[in-house]
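Reader: I would like a close look at one part of this model, the aromatic residues and what surrounds them. Please take one residue as the way in and work outwards from there.

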Amino acid sequence: MKISALLIATALAACALPAAAQVSVNIHVPGLIQVAPPAPRYEPMPGPRAGQVWVPGHWQWNERAYAWRSGYWQAARPDHAYAPGRWVQADGGWRWMEGNWRRAEQPHHAEREGHGGGGHHCPPGQAKKGRC
């Protein structure tokens, strides 16, 4: 009798478990962080260096928490300006957008002078690839 009562109690407990279970779906999207980054730290920019561009410090995600990466110098690219990386809110989380190089703005008078045969022309799509 004791064994059958124990079996019935076990069977009832096993039947109740699925009903009480809660389903939680956590889809991991690579590069998407659910925790917002802390506010940037103030980091004074050192004096200028010839042929170098200062890349400001930023928060990096190390799979568990944010860690501060101090600013550093990077070699400059002729006729380009550096756009620093930044955290952007996207798809219900935060995503790091790497810094990149953009073609530097040319003065308007240089564009007018370039309309003749001697101007520089970059084929469509090549500037984005850094080939012009």
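Author: Start with His58, which is buried because its relative accessibility is 13%, under the 20% limit for that class. This is a predicted model, and the values below are computed from it. His58 belongs to strand S2, which covers residues 58–61. Leaving aside residues up to four places away in sequence, His58 is in contact with Ala67, Trp68, Arg69 and Trp96. Two tryptophans are among those contacts, Trp68 and Trp96, and both lead into the aromatic part of the model.

Six aromatic pairs are found in the structure. One of them joins Trp59 and Trp68: the ring centres are 5.2 Å apart and the planes stand at 75°, so this pair is edge-to-face. Trp59 and Trp68 are both buried. Another edge-to-face pair is made by Tyr66 and Trp87, with 5.4 Å from centre to centre and 80° between the planes. That pair connects distant parts of the chain, since Tyr66 sits in strand S3 (residues 66–69) and Trp87 in strand S6, 21 residues apart. Tyr66 has a relative accessible area of 15% and is therefore buried. Trp87 is also classed as buried, because its relative accessibility is 18%. Tyr66 and Trp87 also belong to one aromatic cluster, together with Trp61 and Trp96. Trp96 is thus both a contact of His58 and a member of that cluster.

The nonpolar core comes next. In general, nonpolar side chains in soluble globular proteins tend to be buried together. Here the largest nonpolar core consists of five residues, namely Ile33, Trp59, Tyr66, Trp68 and Trp87. Both edge-to-face pairs described above lie within this core: Trp59 with Trp68, and Tyr66 with Trp87. Ile33 touches Trp61, Tyr66, Trp87, Gly93 and Trp94, again without residues up to four places away in sequence. Among these contacts, Trp61, Tyr66 and Trp87 are members of the aromatic cluster.

Trp87 also leads to a hairpin. Strand S6 (residues 86–90) pairs with strand S7 (residues 93–97) in the antiparallel sense, over five bridges. Arg86 has Met97 in S7 as its bridge partner. Two residues separate S6 from S7 in this hairpin, and Asp91 in the turn has a positive phi of about 55°.

Now the chain as a whole. There are two helices and eight strands, in the order α-β-β-β-β-β-β-β-β-α along the sequence. Of the 132 residues, 15% are buried. For contacts between residues at least 6 apart in sequence, 43% join residues at least 24 apart. The exposed area is about 10,700 Å², and carbon and sulfur atoms supply 58% of it.

Confidence varies along the chain. The average pLDDT is 78, and 61% of the residues score at least 70. Strand S3, which holds Tyr66, has the highest confidence, at 97, whereas helix H2 (residues 108–114) has the lowest, at a mean of 49. Over residues 110–118 the pLDDT is below 50, and this stretch has two contacts in the model beyond near neighbours in sequence.

Terms used
Residues numbered from 1 in each chain as written. Heavy atoms only, no water. Helix = DSSP H or I, 4+ residues; strand = E, 2+ residues; numbered from the N terminus. Buried < 20%, exposed > 50% of the residue type's maximum accessible area, 1.4 Å probe, protein only. Contact = heavy atoms within 4.5 Å. Pairing = 2+ DSSP bridges. Phe/Tyr/Trp six-rings, centres within 6.5 Å; stacked < 30°, edge-to-face > 60°. Core = buried A, V, L, I, M, F, W, Y, C linked by side-chain atoms within 4.5 Å. pLDDT = per-residue confidence, 0-100. Areas by Shrake-Rupley, 256 points an atom, 1.4 Å probe, with all protein chains shown as cover.
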